[in-house]
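Visitor: Please take one part of this structure and look at it closely. I would like the neighbours, the burial and the connections.

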Amino acid sequence: MSFSAQSGPAMTGSHPSFRLPRLGGLKALILPVLLFLTWDLLARRDVGHGMIFVSLADLGRALVEAVRSGDLPRNVGVSLLRVAFGLVVGGALGVLLGAAMALSRPLDRLLGPVLHALRQVPTLGWIPLLGLWFGYGETPKLLIAAKAAMFPLLLNAYEGLKGAKAIHLEAGRVLGFGGWDLFWRVRLPSALPMLLTGLQQAMAFTWIACIGVEILFGAGPGIGSMIEHGQIQGRMDTVLLGVVFVGLIAYAITALSNRLIAPALRWRELKEAS
Amino acid sequence: MSSITSPVARRPAPTRGGALSLSGVGKTHRLAEGELEVLRDVHLSVAPGEFVSVVGASGCGKSTLLRLIAGLDNAYAGEIRLDDERILSPSLDRGLVFQDHRLFPWMTVEQNVAAALLKRRLGREAKRKLVAENLALVGLTGFERAYPHQLSGGMAQRAAIARALVNEPKVLLLDEPFGALDALTRLKLQEELLALRRRTNATVLLVTHDVEEALFLSDRVVVLQPRPGRIAQILTVGASARERTSPAFGRLKEELLAALMAGPSPAPLDLARRRQASSAAGGGVG
Amino acid sequence: MRRLLSSLTPFAGVAALLALWWAVTALQVFPPQVLASPGRVLAAARDGLASGELLRNLGQSLSRLGVGYVAGAALGLAFGAAMALSRTFESYTSGLFHAIRQVPTIAFIPMLVLLFGVEEVFKVVVVAKAAFYPTALATYTGVQGVPRRYYDVAEVYRFSAVDKLWRVIGPATLPPVLTGLRLSLSRAWVALVAAELLVADSGVGQMMEMGRQTFQLEVVLLGVVLIGAIGFGLDRAFKQLEHALVRGAPA
């Protein structure tokens, strides 16, 4: 009854979302540009009264204002800090737990089923409960971030360390490796690709979870809260600004992490191109 | 002609090789369905610097025997000694080359060979030198920074051999090392192994199912019979039989093949033991 | 016997969790305002069933899920296939497609509230957006991954376009597409819950949010259990479907 025997709906598993698309050059921009122009036109004709369509000029103004007042940088910064917290705390916990479970069969049998059941509840589902327990402050947001970071890393650390091939462990023994050496020089390096993938997943999930909890709670700083405030005030320009930045940062996280982990994965056989 | 089981008299070898002695070695697997006797009563002495091949059909226990000598498994009956010390666990004294090269995929060729030196107290420069020397020995100079997945089967196996040799082991164990390679590469590597052997003087124990390979490389060939694995015969390969095209080679090859085809039949020694055992109402071995 | 046991293993996890939960509350490790016992949650469920509220909320949530999922997944299938089969289509749409993809569904929710209000349409659109992408991507990769040789064989046998779709592309892409559809379903469920939490007028999310605002711990916990259970159930049912449809593929 091992932990990873089933994958629950809350996990995306190996999803091609980390492969970024090859854009078809200029043609790809045609539709977005058209969309923006239509949007702009309709806004200027005041269709929807500023609640739906925003003129590009207004959008630009909102951007400048948000940057100048320090709102945008502050909100982005706070959200990112929460993500960082979640990754460090939740991530470390996840890796440690996953490693412990991979190395100790009794622990695996004990915790595995319980964790698997808990995994079925999506991160967002915990928000009202945490809100009940901790109110609207910083604590529940940080806890959600930690939770979102924990599971992908736990799962990947577990699979990675468990999946160390017996043939390599044996080769290590022949070379005189003892228990510690076998872990440090065989299990860990062979688990590294999965760990790094887990880290990528954790970063993406934690970003989403942070935004989610900020939107649902609405109070306090953060990009999600900014978007939510915008919606309450009926200001599409703020909302749109927030959405664009959420998307940009999500893209940046994926792109950067791909770049960073590539050298560590050099030794793997390339099974598929790009 | 089959020969006696005592080691061949040789010129005193320059000390590197170790002397192996196996007495009464047996191994039984405990399975759900019962017990499976894999090896029974193996007696063998290998002189320092000798090259001995072990041949046999699949399932005759030859790989198991090698693993016991390597020290990967210490649940067996009987004794295995290297230079009079009992073998209980893996040690750098005994190098092992697997059929699948088992290079660590996350390390370069250089790092793989250096991994064998991890447990040695040597300076960094000394280690680097050793690695370079052994890579040169197997003809892989220039490929230090390559990763295993970039190497061909033959090259990877060469790297594995370098890794096994870098510690100047007393005994070199090879488990069907060329089985996974194509015929041409196999022939080439056999030649190289012979050359290597001349240069390093280690005692070599090679497990193979390729009869010609065994005859080409070894001083003696041990034939193992399956179910359970026992020594059926030991042939000595004289100097005249070294050439693949010589008549002596051909004759030995036929003899070996005949011995292999003969199938499970109780060895004379075995019959005597059985009579003893049945009269004492004793159980099996293991 | 073994198959029966292995099909029960996920439930063993739930059983273990339930046991742990019961033990923790029985031992009063936390005060009862913090963690309600399974018994109290069950009582809340019974109350909800009796008043009909629970079923109503469930029904509303699930029907929105159904409509939104079908819409989003169908669009995803069409889009993914079109992008894979037509280079021109892909080059024009990929910009917008991937741009919107980068934004997590939940970040879109406030924007969609402004655009569509807080009625059913809004919720269905949220669900559809969440369902769209996994299916679209899986279809795209799946159709792209059909080996050239299959098309060659189809040419030799003079398949019409419809034939090609039905006999070649369809079966060849079924496994990855089904996986994408399953992923879409679970994402759709999460998105629905999020939408209902934000705009709490009906549905499971609303039930939870109301419970939170009135400090009814049992109701909130019931919501947590329901969300997890439904998500798991949907995923599991889909896996069975996959297994049945794709004979010979690893379940």
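Guide: What follows is a close look at strand S8 of chain B. The model is predicted: local features need pLDDT of at least 70, side-chain atom pairs count only at pLDDT 80 or more, and totals for chains, interfaces and linings use all residues. Residues are numbered from 1 along each chain as its sequence is written, with chains lettered from A and ligands numbered from 1 in the order in which they are written.

S8(B) covers residues 203-208. Strands here are DSSP runs of E with at least two residues, and helices are runs of H or I with at least four, numbered from the N terminus.

Burial comes first. Six of the six residues of S8(B) are buried, so the strand is largely enclosed by the rest of the structure. Buried means that 20 or more other C-beta atoms, placed from the backbone, lie within 10 Å of the residue's own. In a regular strand, side chains alternate between the two faces of the sheet. Here both faces are covered. One side holds Thr203(B), Leu205(B) and Val207(B). The other holds Val204(B), Leu206(B) and Thr208(B).

Now the neighbours. Two strands pair if DSSP finds at least two bridges between them. S3(B), residues 51-56, pairs with S8(B) in the parallel sense over five bridges. In that strand pair, Val52(B) stands opposite Leu205(B). S7(B), residues 171-175, also runs parallel to S8(B), joined by five bridges. Asp175(B) has Val207(B) as its bridge partner in S8(B).

Last, the connection. S7(B), helix H5(B) (residues 183-200) and S8(B) form a right-handed β-α-β unit. Right-handed means that, with the strands pointing away from the viewer, the path from the first strand over the helix to the second runs clockwise.

Definitions and conventions. Buried ≥ 20, exposed ≤ 12 C-beta atoms within 10 Å, placed from the backbone.
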